[in-house]
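Thanks for sending this one over. Here are my notes, meant to be read with the structure open beside them.

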Amino acid sequence: MSNSEEAFAEAKKVIPGGVNSPARAFSAVDNEPIFIEAGKGSKVYDIEDNEYLDYVGSWGPMILGYNHPQIVESLQGQVKKGTSFGAPTQVETELAELIIDAVDSIAKVRMVNSGTEATMSALRLARGYTGRDKIVKLEGCYHGHGDSLLVEAGSGVTTLGISGSSGVPNDIASETIVAPYNDLEALEKIFNKYQDEIAAVILEPVTGNMGVIEPHDEYLENLRKMTADNDILLIFDEVMTGFRLSYGGAQELYEVEPDITTLGKIIGGGLPVGAYGGKKEIMEYVAPEGPVYQAGTLSGNPLAMKAGAETLKLLKQSDVYASLEEKGAYLAEGFRNNIESLGIKAQISRVGSMFSIFFTDTEVVDYQTAQTSNTDVFAAYFNQMLKQGIYLPPSQFEANFISNAHTEDELKATIEANYLALKKVKKL
Ligand code: PMP
């Protein structure tokens, strides 16, 4: 038994499934998780001291690589002062200012502790502000595990083959209407049918949780127009794409402003943070300014705020996004060449430093087409990459992340490993 196998056996005795979040369990790739001891730059190290080149990045936050010295230093400084007070600290304002400065559609922002909390709170705010109850979400988009949003929710749910989740009351789920991604006609029909009942449409502007899927040309612009025409709020869930696709997120890249934005991952620099923000008149509905209640003992926690603020300052100073785009393009081209030369049924989907490999020759534009991927081939591919020391998200329906710490040599090595892995899975 390896150290990780032993650790997993122990964990399973005391933690459901041995993990604190299902996607970590490796069940979709017929394997067992590696227990991590440490991370540095682009690498993680398991408890046997094996080294892996990593494309998980803690599922998105680690855009600057693991254990960035400046972030570590700022955390150490804060630890000495205290880890939590439950009272205002100036670093909360600092992070809020950094976010508002970066994201044009946000005039005020409230910090929470996770992406789930951010989207749950954003929905409550949308419902409170509009006085309407129904929510439209798009099939395959994941917005955390809040009751209203755990319907046709991609990622872990899709991977595990569970449609929704038990424990979600029908009365709540039935207030969520699901439409396909990249399909404006379907939305139009829904808007016509439930015109005065819909509070908001929530979506991942670029999806990561059914694999990376790009919005069609004009899709986001038209969605903006249609929602505005119907007095429906538009919520961009940028928990994954915020500060990832550009400093101002997907909304800056595609030049479309939502009414409310949810954030997480990168804005916590690896500590647990989420946030929701938007137009002033909407955010003024949030307590104690307004009637929509939302609170948190550890919200705005100074350690998490420090890590987040330091991360954003580093991202703002450098040309990291141009460099990530270059790295992403290089890796994708290498993978595409491999796919072509080996004649494999696969495609690479990429926006900036987020990418997926789908094992299908159907063009992937939404949840249904993503589902044509061969997950057995993905599992074999994943395990072949792992054997070569490359650690990928253990699911076909997740985004891979490149960090600023990945070097050209490492990307080259990844392309070579990808070739060998694809060659092995070709026989399947
Ligand atoms: N929204 C999106 C787009 C996400 O990718 C995630 C997490 N992967 C969430 C919300 C939920 O965030 P958390 O896991 O921090 O609750």
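The points below go from the domains to the core, then to one helix and the ligand.

1. A reminder before we start: this is a predicted model. The domain assignment splits the chain into domain 1, made of 3–67 + 318–425, and domain 2, covering 69–317. It is worth colouring the two separately, as domain 1 is written in two segments. Their C-alpha centres lie 25 Å apart.

2. Do look at where the domains meet. On one side, 33 residues of domain 1 take part, in contact with 35 residues of domain 2. In domain 1, the elements that each supply at least two residues to this side are α12 (320–342), β11 (347–351), β12 (354–358) and α13 (367–370). Of these, β12 gives the most, with 4 residues. The make-up of that side of domain 1 is 19 nonpolar, 11 polar and 3 charged residues.

3. Next, the interior. In soluble globular proteins, nonpolar side chains tend to be buried together. Here the largest nonpolar core has 115 residues, and it draws at least three residues from each of domain 1 and domain 2. Helix α14 (residues 375–387) provides the largest share, 8 residues.

4. Which residues have the most contacts inside this core? They are Ile-99, Ala-126, Ala-200, Ile-235 and Ala-275. Ile-99 makes a good starting point for a tour: leaving aside neighbours within four places in sequence, Ile-99 is in contact with Ile-106, Val-109, Leu-263, Ile-267, Ala-275 and Gly-277. Ala-275 thus appears both among the core residues with the most contacts and among the contacts of Ile-99.

5. I would also pause at helix α8 (residues 219–229), where Leu-220, Leu-223, Arg-224 and Thr-227 are buried. These four are on the same side of α8, because they cover an arc of only 105° around the axis. The spacing fits the general rule: an α-helix has 3.6 residues a turn, so residues three or four places apart point the same way. The buried residues of α8 pack against α7 (184–193), β7 (198–203), β8 (233–237) and α9 (249–254). After the helix comes Asp-231, with a positive phi near 55°.

6. Last, the ligand. There are 16 residues around the ligand, and those that come nearest are Ser-114, Gly-115, Thr-116, Gly-144 and Val-239. Helix α4 (residues 115–130) gives the most to this shell, with 3 residues. By class, the shell has 4 nonpolar, 10 polar and 2 charged residues.

Terms used
Residues numbered from 1 in each chain as written. Predicted model: local features only at pLDDT ≥ 70, side-chain atom pairs only at ≥ 80, totals over all residues. Domains from an automatic or database assignment. Contact = placed C-beta atoms within 7 Å. Nonpolar A, V, L, I, M, F, W, Y, C, P; charged D, E, K, R; others polar. Buried ≥ 20, exposed ≤ 12 C-beta atoms within 10 Å, placed from the backbone. Arc of directions from axis to C-beta. Core = buried A, V, L, I, M, F, W, Y, C linked by C-beta atoms within 7 Å. Near = placed C-beta within 6 Å.
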